[in-house]
Amino acid sequence: MTTAVYPGSFDPIHNGHLDLIQRACRLFDLIVAVAENAQKRPLFGLEERADMIRAATRHMPRVRVETFDGLTVEFAARCGATVIVKGLRGPADLEYEMRMAAVNAHLAPHLETVFLATRPEYAFLSSTLIREVAALGGSVRGLVPQAVERSLRDRLRNGG
Ligand code: PNS
């Protein structure tokens, strides 16, 4: 079975990510790769983000969650993965994702990027919007796993 890496910041994981993980693990042995991404000043620490994904994917035997720093292609090579999986929410994602796929193909020509179309009901979702709504006191119920909803409440109550 082919091993694929699904990289992202996952700050935090939301139901659109989870749907993609569920679908991708029918096609691949899947490693969800949580990027350190220091430039983005994440709301949740690296291990916190990974633990939230582990909790939400506990029932998916073909999914493993890892953290990494540095290049995705190097992480994929260390894991023996031959595919990078990314979700495409629509045309707005396409340009950025195509650029990343092209750079990754330049760096690692044998690594394929496979895009899965986000289901329409999740096409509007992003971690940025989740953080913003939660920070402003809005409800994110139904958009993130319940444990993530609690973590957001706790983190934001404690000043972000
Ligand atoms: O969820 P995000 O923030 O859109 O994910 C972006 C991510 C983590 C996939 C991307 O920033 C990435 O691959 N970072 C690792 C560093 C790297 O490989 N950069 C070159 C990509 S062309």
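Q: Two strands pair if DSSP finds at least two bridges between them; what makes S1 and S4 a pair?
A: In this predicted model, local features need pLDDT of at least 70 and side-chain atom pairs count only at pLDDT 80 or more, while totals for chains, interfaces and linings use all residues. Residues are numbered from 1 along each chain as its sequence is written, and side-chain values use heavy atoms, with hydrogens and water left out. S1 (3–8) and S4 (83–88) are joined by two bridges in the parallel sense, so the requirement of at least two is met. Ala4 stands opposite Val83 of S4.

Q: How do you know that S4 and S5 pair?
A: Strand S5 covers residues 112–117, and six bridges link S4 to S5, again in the parallel sense. Val83 faces Glu112 of S5.

Q: Why is S4 called mostly covered?
A: Buried means under 20% relative accessible area (exposed is over 50%, partly exposed in between; 1.4 Å probe, protein chains only). Five of the six residues of S4 are buried.

Q: Why is helix H1 described as largely enclosed?
A: H1 spans residues 15–24, and nine of its 10 residues are buried, so the rest of the structure largely encloses this helix. The buried residues are Asn15, Gly16, His17, Leu18, Asp19, Leu20, Ile21, Arg23 and Ala24.

Q: What makes H1 a helix and S5 a strand?
A: Both are DSSP runs, numbered from the N terminus: a helix is H or I over at least four residues, a strand E over at least two. H1 has 10 residues, and S5 occupies residues 112–117.
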